[in-house]
Amino acid sequence: MLHTCKKAYITTPIYYVNDIAHIGHAYTTIIADTLARYSRLSGLDTFFLTGTDEHGQKIEEAAKQRGESTQAYADKISATFKNLWDDFDISYDKFIRTTDAAHMQGVQKAFLKMYENGDIYKDTYKGHYCISCETFFPTIQLVDDEFCPECGKSTTIVEEESYFFKLSAYEDKLLAWYNDNPDCILPRSKRNEVIRFVEGGLQDLSITRTSFDWGVKLPSQIDDPKHVMYVWLDALMNYVTALGYGTDDANMDYWPARVQLIGKDILRFHAIYWPAFLMSLGLPLPKHIAAHGWWTRDGEKMSKSKGNVVNPKEVADAYGLDNFRYFMLREVPFGGDGDFSQKALIDRINSDLGNDLGNLLNRLIGMSGKYFEGKVDTSDVATYYQSELDEVHASLAKLEPLLFEMQIHRYLEELWRPLTVANKAIDMYQPWTLMKEGKEKEAMALNGLIATILAKVSIMLYPVMPEVCTKIASSLHFVIDHHNWTRLAKGTTLLDTFTLEKIDPLFPRIEEPLLTQIEPQDSAKPDKKQKKTEEKTEGIALIGIDQFFQTSLKVGTVIEANEVPKSKKLLLLQVDVGEATPRQIVAGIKEWYSAEEMLDTQVCVVANLKPAKLMGLLSQGMLLAAKDENGLCMIRPEKPKTAGTPIG
Ligand code: ME8
């Protein structure tokens, strides 16, 4: 029976539309998707929210830099997030945009309520503002009196009329909440950080700006049209406006959230400002705010300008979406930081997935095919293998709490124990020996044990690897649903008798990195061994195919071309290479090509060069060309190709 009364609301942060999604964003969303899928499987009435954060100075400036209207720019980048989550089959129930009319109405309602109950007052703000972090900082927190303590960028001095939220009035109430609810912030170590911060004293929060207008206006009742709301007040409210707060309240019975997932970078906003706003609105507080760690590349923060951003779609396309999901959740303890490497991903696929899980299914298919024409009968499993069953059920019973305590890596670790039990049972009882000794019943029961363990594991693994587990289930003739979750995964029921459906190996072994262009930059440097054996042909040093593929070459279409003023050599091109925004490339080709000749033509672009500045202009790539004594000509695809098509 479905417990329709029990609800679970799960949220991700809403992502800024100043950049396209990378593996960090995918990580948050995949964890939330896993929790939502588990909640549904366990019979909870689940609502899963994600979306995009589209207001504020940062977005306004990003659009301006690209010469686009802010709304059109936000529409475009928001769609890249939504499309990615759709491609990834993320099971969200709503994708909210902070530019949605209903959201903005809800935020205004909330502002008015806080104003009317005396939590908002007008004054002047003077201090430093970091546009990149959309955060005010007191001078004392700045690095060298100027730079942002979070991102290191230069801050701007702001002095303007502003409305303030009386955050200081909530200090004691917040501390009481943290103390009364030890798991309100997970991992618990993060809760201690927050407590220390609040104990240090809270200042009132400036919550409106007048120096730009890309934001939600104040409610008409306040009649102060030059103010727009601070982007974080606007953004945090999405978690309730998505449920209808301030409009129709249609889904407000999902509130409070069961888990609000965030990255550790935005803990302060979620663990201090957000509960204070909720208290002011008289709304209950979320059950858990769970902050995960940071994904880096070669130990460095990922950023476009460093050229070290890992594109989650490329990784999932190359290695398989479910494998990527498993890797991200298994590799790093929740809350800790992780460094992305293909080597670690390949190890997980070959070892945990290939050797432990995939191989077990292959052994089952082999055994039942060879001895029983594919039939699996579980009637005698308990007679011969009760101790193995007990061990498996004991492991399964530990799982659910681990998931909702955000110990997802431990959940997966524990889920692998039944697989070890199964693999060990085959090695120990040896079906081939049992058959030789005429113990056919025991061999069939062993078959039934292995199939049952695989079924139980695949139900509990389904939230992490939905596609793979659905395939395993169909091979074992059962469906993954709440009914079977109750019987097989939570209960001690065994599979019914069935005939196994053969399927192709689920995790073919991977020998080499599949994405050479995202290998760590260090691997581009030849190591000592390589240097010794460096070969040459006609005086040219030979390289391996791996080294060649370290260069990312792409077909690009020139969508804008201009001369660089005062330069004899340079053209300024905007080149579409299939990304959310075109690349600006400064090319030294003006002696041979005019801007008009370049416009609307296709070119070959070196897409992973470190950006450089030429005559003060940022250049984000290089065009391939050939030059001899007769001049220079561009290297172009022979036939038109879609912008972004890889060359190689
Ligand atoms: O902060 N590793 O949006 P955002 C792990 N709009 N996770 C990462 C990551 C990385 N390298 N980079 C980003 C905002 N994330 C606000 C949120 S919510 C009301 C408003 C994840 O696009 C992480 O969860 O900068 C981070 O908190 C989230 O992306 C938001 O990124």
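Me: Which residues is tyrosine 9 in contact with, leaving aside its neighbours within four places in sequence?

Reply: The model is predicted: local features need pLDDT of at least 70, side-chain atom pairs count only at pLDDT 80 or more, and totals for chains, interfaces and linings use all residues. Residues are numbered from 1 along each chain as its sequence is written, and side-chain values use heavy atoms, with hydrogens and water left out. Contact means heavy atoms within 4.5 Å. With those sequence neighbours set aside, tyrosine 9 contacts Phe47, Leu49, Tyr239, Ala242, Leu243, Tyr254, Trp255, Ala257, Arg258 and Val259. Its C-alpha atom is also 7.3 Å from that of proline 256, although 247 residues separate the two in sequence.

Me: In which strand does tyrosine 9 lie, and is tyrosine 9 buried or exposed?

Reply: Helices (H or I, at least four residues) and strands (E, at least two) are DSSP runs, numbered from the N terminus. Tyrosine 9 belongs to strand 1, residues 7-11. Buried means under 20% relative accessible area, exposed over 50%, and partly exposed in between, with a 1.4 Å probe and protein chains only. Tyrosine 9 is buried because its relative accessible area is 0%.

Me: What does the side chain of tyrosine 9 reach?

Reply: A polar contact is a pair of N or O atoms within 3.5 Å; within protein, one must be able to donate a hydrogen and the other to accept it, and residues adjacent in sequence count only if both atoms are side-chain atoms. Here the tyrosine 9 side chain comes to 2.6 Å from the backbone oxygen of tyrosine 239.

Me: Which residues touch the most other members of the largest nonpolar core?

Reply: Nonpolar side chains tend to be buried together in soluble globular proteins. A nonpolar core is a set of buried Ala, Val, Leu, Ile, Met, Phe, Trp, Tyr and Cys residues joined through side-chain atoms within 4.5 Å. The largest one has 189 residues, among which Tyr178, Trp255 and Leu476 touch the most other members. Helix 18 (residues 440-461) supplies the largest share of this core, 14 residues. A second, separate core has 17 residues, including Val577, Ala595, Leu632 and Met634. Tryptophan 255, one of the three named above, has among its contacts beyond four places in sequence Tyr9, Tyr239, Trp274 and Pro286.

Me: Which residues are closest to the ligand?

Reply: A residue is near a molecule if one of its heavy atoms lies within 4 Å of it. The ligand is surrounded by 24 residues, the closest being Ile14, Tyr16, Thr28, Asp53 and Trp295. A ligand oxygen atom is 3.0 Å from a polar backbone atom of tyrosine 16. A ligand nitrogen atom is 2.7 Å from an N or O atom in the aspartate 53 side chain, and a backbone N or O atom of tryptophan 295 lies 2.9 Å from a nitrogen atom of the ligand. Taken alone, the ligand exposes 670 Å², of which the protein buries 94%; such areas come from the Shrake-Rupley method with a 1.4 Å probe.

Me: How many residues of helix 15 are buried?

Reply: Six of the eight residues of helix 15 (residues 408-415) are buried. They are Ile408, His409, Tyr411, Leu412, Glu414 and Leu415. Their cover includes helix 1, helix 11, helix 13 (381-397), helix 14 (399-404), helix 16 (417-429) and helix 18.

Me: What is the phi of aspartate 89, and which residues are joined to tryptophan 255 by a cis peptide bond?

Reply: Most residues other than glycine have a negative phi, and most peptide bonds are trans. Aspartate 89 has a positive phi near 55° and is placed in the loop between helix 3 and strand 4 (94-97). Aspartate 89 counts as exposed because its relative accessibility is 51%. Histidine 477 also has a positive phi, of about 60°, and it lies in the loop between helix 19 and helix 20 (482-490). At 45% relative accessibility, histidine 477 counts as partly exposed. The cis bond from tryptophan 255 leads to proline 256, with omega about 5°; proline 256 sits in the loop between helix 8 and strand 12. Another cis bond runs from leucine 186 to proline 187, with omega near -10°.
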